[in-house]
Amino acid sequence: MELPTYNGQQGPSASRPSSSISPRIPIIFRRLHRFQQMDFELAAWQLTYLCLAPRRVYRNVYFHKQTKNTWARDDPAILVLIGACLCVSAVAWAVVYSYTIFEAIELAFLMIARDYLLTGIVVATLLWLTSNRLLLSPPSHSTPADSFVEWAYAFDVHTNAFFPLYLALYLAQLFLLPIVLKDNWVCLWVGNTLYLAAFAQYTYGIYLGLNALPFLVRSELLLSPLLPLFTAYIISLLGFNVAKHVLAIYFGS
């Protein structure tokens, strides 16, 4: 699969993304096999602070840009850790739903390939296009020639925003399963609030990631999905159990 990235060309032809697109697989994917070079300690630190103080994680973005001339991370350790977390969740959900070993393996594959990677590719592409076409600050003498959002950085933003959502829907929901599936309003409120919190965190994480780039303006527009999300949440409290319907579709039960 070929994904859009930017080259490091300078000059007038690189002043805006339309003229500097290179169909190349991001380096973070090309290094997935280099386990000995991965910094799992740093990746674990980032995952922890993405839940406690996400702004602190994005402070390293400026340092990374200065030292490696790219906004996106080049160490795939965080991808490996998220994949491992999804595998653990798949095993736990497989036990709950009495899956066979092969069904558990299939579930783990779907969680990684569909829920994380495929969704991430779609979201990153939308963010990449939207940011570079609508959110870039007007060109000026003080604006660097390479002021554009890299596709790989957009995928980083998805990765960072995905982990809190993972904790809410893949772990917390598992432990709350006996509650969220009950047929009473309090349990419905618990389940629907869990989904609201998960997707609100994801949306806020997307905003934080792109807001960290100094050459983007109007990044507050990325918070606009919160309004329909909260509206849908209020309506769902009238009797629509989100968790029950989502799990029925997801696990076919």
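In this predicted model, quite a crowd of helices covers the buried residues of H10: the cover includes H4 (77–96), H5 (101–135), H6 (151–175), H7 (177–180), H8 (185–211) and H9 (226–236). The residues being covered are Val242, Ala243, Leu247 and Phe251, which are the buried ones in H10 (residues 242–251). They sit on the same side of H10, because the arc they span around the axis is only 120°. That fits the usual helix arithmetic: with 3.6 residues a turn, residues three or four places apart in an α-helix point the same way.

Both ends of H10 have something to show. At the N-terminal end, asparagine 241 acts as the cap, with a side-chain oxygen 3.2 Å from the backbone nitrogen of alanine 243. Just past the other end, glycine 252 adopts a positive phi of about 65°.

Two of the covering helices, H4 and H5, also pack against each other. Their axes come within 8 Å and cross at roughly 135°, which makes H4 oblique to H5. The crossing is right-handed. On the H4 side, the contact is made by Leu79, Ile82, Gly83, Leu86, Cys87, Ser89, Ala90, Trp93 and Ala94; H5 brings in Ala104, Leu107, Ala108, Met111, Ile112 and Tyr116.

As for the chain as a whole, two strands come at the N-terminal end and the helices follow, in the order β-β-α-α-α-α-α-α-α-α-α-α, giving ten helices and two strands. Of the 253 residues, 45% are buried. Among contacts with a separation of 6 or more, 74% link residues 24 or more positions apart.

Conventions:
Residues numbered from 1 in each chain as written. Predicted model: local features only at pLDDT ≥ 70, side-chain atom pairs only at ≥ 80, totals over all residues. Heavy atoms only, no water. Buried < 20%, exposed > 50% of the residue type's maximum accessible area, 1.4 Å probe, protein only. Helix = DSSP H or I, 4+ residues; strand = E, 2+ residues; numbered from the N terminus. Arc of directions from axis to C-beta. Contact = heavy atoms within 4.5 Å. Polar contact = N/O pair within 3.5 Å; in protein donor to acceptor, adjacent residues only side chain to side chain. Axes fitted to C-alpha atoms, helices over the stretch in contact; angles between N-to-C directions. Parallel < 35°, antiparallel > 145°, perpendicular 65-115°, else oblique. Left-handed = near helix turned anticlockwise from the far one by under 90°.
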